[in-house]
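Visitor: I'm new here and would like a walk around this one. Could you show it to me and take my questions as we go?

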Number of protein chains: 2
Amino acid sequence: MHAEQRQRTNELLKQRGIHQALFAKPDSVKWLTGFAPPTQMGPNFFASGNPLLWYEDGHYTLIVSSAQESFAESFKGEPDGQVVTYLGYTIEQPIGTGKHLVEAFEKTVRTREKIGIENEYVSGLIAERFWMHDVTAVDGWLEPLRMVKTDEELAKLRRNFALTDVGYAAARKAVAVGQREIDVWNALHTAIQAAAGCRVPVGNDCVMGRRQQNIGGWPGDYELAEHDSLVVDLSVVLDGYWSDSCTTYYAGEPMERQVKMHRTAAEALEYGISLLRPGAVAKDIDQKVRQFIADAGYPVYPHHTGHGVGVSGHEAPRIVPYNDEVLEAGMVIMLEPGIYFPGETSVRLEDAVLILSDGVELLTHHDKRI
Amino acid sequence: MHAEQRQRTNELLKQRGIHQALFAKPDSVKWLTGFAPPTQMGPNFFASGNPLLWYEDGHYTLIVSSAQESFAESFKGEPDGQVVTYLGYTIEQPIGTGKHLVEAFEKTVRTREKIGIENEYVSGLIAERFWMHDVTAVDGWLEPLRMVKTDEELAKLRRNFALTDVGYAAARKAVAVGQREIDVWNALHTAIQAAAGCRVPVGNDCVMGRRQQNIGGWPGDYELAEHDSLVVDLSVVLDGYWSDSCTTYYAGEPMERQVKMHRTAAEALEYGISLLRPGAVAKDIDQKVRQFIADAGYPVYPHHTGHGVGVSGHEAPRIVPYNDEVLEAGMVIMLEPGIYFPGETSVRLEDAVLILSDGVELLTHHDKRI
């Protein structure tokens with residue numbers, strides 16, 4: 001699993017003269033190995049910290065607690081990989097003292113020279129073992145490598161986008177005057193899990209337009225009234241990969257003003273999609289879609305125009321004002337123009353677009369009509 | 001918020017001659033400040049790493065990304081505390097490079113002497129700033145202080161235990177031949193969120209007795225058949241505090257064998273509760289409840305007999321074979337004896353018990369009858 005990711009990384013590290021490296025950022029470990037323990041309740045208190053991945057001249061050793069060993073199954077048969085576990089949950093002695101991790105680390109790692117470390121995520125307990133060495137911080141090095149998706153990744157992303165589509169179908173039915181934000185959320189989350197046949201972590205927003213913070217936020221007990229808009233922005237996380245998407249519903253009849261806003265958002269999204277192609281520059285797309293909204297006479301949204309998606313919900317290439325990264329075939333780009341009048345109403349529409357050498361393919365198929 | 005927690009910590013650090021300390025474990029920061037951003041989808045990719053809490057002679061500085069600043073509101077007015085934020089989400093430059101965190105840290109922290117550090121959770125990026133100092137690892141120092149709950153904490157715990165009770169009432173109704181584990185889960189999660197009026201992360205287990213791993217696990221698409229047992233073990237996390245609890249349901253009519261197992265588990269739980277009092281030793285309770293199950297002719301469960309609960313779902317005092325910690329009034333103890341025949345059937349029952357100076361109070365009120 002994820003052999004192509006490791007191949008790309010090998011090439012980069014060789015180019016830069018790094019013979020050994022320690023990857024400690026969970027996203028990096030996930031991308032390099034496919035190791036993706038569920039995180040719906042926050043960190044696992046039976047595991048002692050994040051998984052670590054030790055690189056040595058093209059060979060990868062995944063170091064995980066026995067409490068998370070079952071999630072490393074798919075990496076076990078890899079010719080360039082091995083899994084080392086240390087004691088996690090036990091009733092015979094205290095859990096998670098770090099002692100077992102350090103022991104496993106010391107048995108596994110023989111430091112030589114030119115060592116790269118993801119310094120923002122490695123713990124002090126491990127970092128101190130490298131103080132006397134020639135260390136290079138490699139934080140952020142993998143992000144550009146992650147932009148173009150592999151076929152393996154696209155399969156996971158397609159499945160996850162399909163699950164958010166299921167959620168939208170349920171949300172559309174559930175939106176009605178008298179329903180609360182949380183009721184709509186329950187309907188869509190239930191539909192997603194019923195379709196998947198398992199628990200599925202779902203984010204991001206389910207907020208009605210009358211909220212002061214009507215750009216994003218978790219669903220609360222606000223009750224929908226006639227003419228309320230409801231921005232529903234969904235990601236699911238399965239097998240460590242995120243999806244994303246957004247649309248906006250209306251309780252009862254939308255007002256004329258909302259119909260116009262919705263139409264403009266739809267046109268802005270369509271316009272943005274028309275700009276996506278190999279060779280396009282991220283900040284140009286950002287600027288053009290913002291200008292489209294401004295030209296229509298609306299305040300310009302304060303957030304990104306879009307972003308990549310993969311092992312995290314927001315990653316390179318960001319479609320933002322400063323970014324001069326160039327799009328390539330194989331990237332998956334989220335575009336999400338919105339129009340917000342805080343405390344009054346709001347709209348946001350979002351699609352996922354796979355860039356092809358000769359066009360684009362939509363990965364989201366949810367009904368975004370008013 | 002959480003002033004009593006800081007008072008206890010001040011005393012400990014003074015006793016041990018620590019003038020400055022860096023708390024980096026999320027549980028520690030949460031317990032010391034009440035800072036509890038939601039974690040349902042894993043780490044926030046708009047924040048640069050975990051929050052940090054800098055201690056200096058009884059004064060606490062919470063260092064968080066602007067993306068998480070809103071969750072620090074309750075700590076802002078504290079006389080012994082302040083909040084320092086660094087740039088998180090922005091569209092004007094890259095997110096989460098760690099640069100902003102380091103800048104905020106260097107502005108805030110003036111290292112002197114006798115510094116304590118939670119070394120297992122601080123990142124290498126921050127840890128390297130202390131390499132030349134007289135540093136003591138304080139990992140685990142707060143765990144014993146967390147055992148006795150404050151009134152503030154008990155209020156949060158009571159609310160969370162009541163929410164799991166709501167989940168059990170819904171689960172009991174949903175269990176039936178032909179329903180899948182995930183269908184029962186959807187019913188109970190929906191009920192909990194509808195009652196709370198907001199999203200509520202829910203763990204832990206929803207597994208039928210015929211599963212080979214019938215001790216624990218997430219709900220899947222297994223369909224309940226006549227005589228199946230279903231172990232439902234629920235925690236919710238709200239305001240950073242966990243609840244916990246468990247019971248077992250049966251699809252259709254339970255078999256005679258299951259009725260006997262269920263009765264024994266109920267008696268073992270009742271017996272365990274009768275042993276809880278100030279002065280009791282954790283490992284003695286563990287040993288006695290295990291013996292009770294063995295005496296009834298059943299295999300003894302392979303997990304803990306119980307544990308504490310608070311800012312994490314499993315904490316001191318652990319009710320396990322090695323632990324000679326002594327119970328005190330104000331502790332909240334989970335007890336959870338079970339009987340498992342892998343691939344056949346299983347039962348587990350669990351209650352939360354607040355230890356009082358002159359007795360106990362049950363904090364869970366779910367119906368655990370067969």
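Guide: Sure, and let's start with a term we'll need: a residue is buried if 20 or more other C-beta atoms lie within 10 Å of its own, exposed if 12 or fewer, and partly exposed in between. Also keep in mind that this is a predicted model.

Visitor: Let's use that right away. Is A:Asp239 buried, exposed or partly exposed?
Guide: A:Asp239 is found in the loop between β8 (229–238) and β9 (241–242) of chain A. It has 18 other C-beta atoms within 10 Å. Being buried takes 20 or more, and being exposed takes 12 or fewer. A count of 18 therefore makes A:Asp239 partly exposed.

Visitor: What is the phi of A:Asp239, which is not a glycine?
Guide: Most residues other than glycine have a negative phi. A:Asp239 isn't a glycine, yet its phi is positive, at about 55°.

Visitor: And A:Asp57, is that one buried or exposed?
Guide: You'll find A:Asp57 in the loop between β2 (52–56) and β3 (59–65) of chain A. This non-glycine residue has a positive phi of about 45°. With 11 other C-beta atoms within 10 Å, A:Asp57 counts as exposed.

Visitor: Over to chain B. Is B:Val64 buried or exposed?
Guide: B:Val64 is found in strand β3 (residues 59–65) of chain B. Leaving aside residues up to four places away in sequence, it touches B:Pro51, B:Glu69, B:Ala72, B:Val83 and B:Thr85. There are 29 other C-beta atoms within 10 Å, so B:Val64 is buried.

Visitor: How many residues of α2(A) are buried?
Guide: Let's list the buried ones: A:Pro26, A:Asp27, A:Ser28, A:Val29, A:Lys30, A:Trp31, A:Leu32 and A:Thr33. Just after α2(A), A:Gly34 takes a positive phi of about 80°. The helix is largely enclosed by the rest of the structure, because the buried count is eight of the eight residues.

Visitor: How far apart are the end C-alpha atoms of helix α7 of chain A?
Guide: This helix runs over residues 151–174, which makes 24 residues. At 1.5 Å a residue, it should span 34 Å. The distance in the model agrees with that: 35 Å.

Visitor: Which residues have the most contacts inside the largest nonpolar core?
Guide: In soluble globular proteins, nonpolar side chains tend to be buried together. Here the largest nonpolar core has 201 residues. As an example of the contacts, A:Leu230 touches A:Val175, A:Val184, A:Cys206, A:Met208, A:Leu224, A:Thr248, A:Tyr249 and A:Ala251, not counting residues up to four places away in sequence. The residues with the most contacts inside that core are A:Leu230 and B:Leu230.

Visitor: Which element gives the most to the side of domain 1 of chain A that touches domain 2 of chain A?
Guide: The domain assignment splits chain A into domain 1 (3–144) and domain 2 (151–362). Their contact takes seven residues from domain 1 and eight residues from domain 2. On the domain 1 side, the elements giving two or more residues are α2 (26–33) and α6 (142–146) of chain A. The one that gives the most, with three residues, is α2(A).

Visitor: What relation links chain A and chain B?
Guide: A rotation of 180° with 0.0 Å of shift along its axis superposes chain A on chain B, with an RMSD of 0.0 Å. That is the relation of a two-fold axis.

Visitor: Which helix gives the most to the side of chain A that touches chain B?
Guide: The contact takes 52 residues from chain A and 52 residues from chain B. Both α5 (124–127) and α8 (181–196) of chain A supply at least two residues each on the chain A side. By class, that side has 22 nonpolar, 22 polar and eight charged residues. The element that gives the most, with seven residues, is α8(A).

Visitor: One last stop: what is omega for the cis peptide bond joining B:Ala316 and B:Pro317?
Guide: Most peptide bonds are trans. The bond from B:Gly203 to B:Asn204 is cis, with omega near 20°, and B:Asn204 lies in strand β7 (residues 202–208) of chain B. B:Pro317 has its place in strand β12 (residues 315–319) of chain B. For the cis bond joining B:Ala316 and B:Pro317, omega is about -5°.

Technical notes
Residues are numbered from 1 along each chain as its sequence is written. Chains are lettered from A and ligands numbered from 1 in the order in which they are written. This is a predicted model: local features need pLDDT of at least 70, side-chain atom pairs count only at pLDDT 80 or more; totals for chains, interfaces and linings use all residues. Helices (H or I, at least four residues) and strands (E, at least two) are DSSP runs, numbered from the N terminus. The expected span of a helix is 1.5 Å times one less than its number of residues. A nonpolar core is a set of buried Ala, Val, Leu, Ile, Met, Phe, Trp, Tyr and Cys residues joined through C-beta atoms within 7 Å. Two residues are in contact if their C-beta atoms, placed from the backbone, lie within 7 Å. Domain bounds come from an automatic or database domain assignment. Copies are superposed by least squares on the C-alpha atoms of residues with pLDDT of at least 70 in both. Ala, Val, Leu, Ile, Met, Phe, Trp, Tyr, Cys and Pro count as nonpolar, Asp, Glu, Lys and Arg as charged, and the others, Gly among them, as polar.
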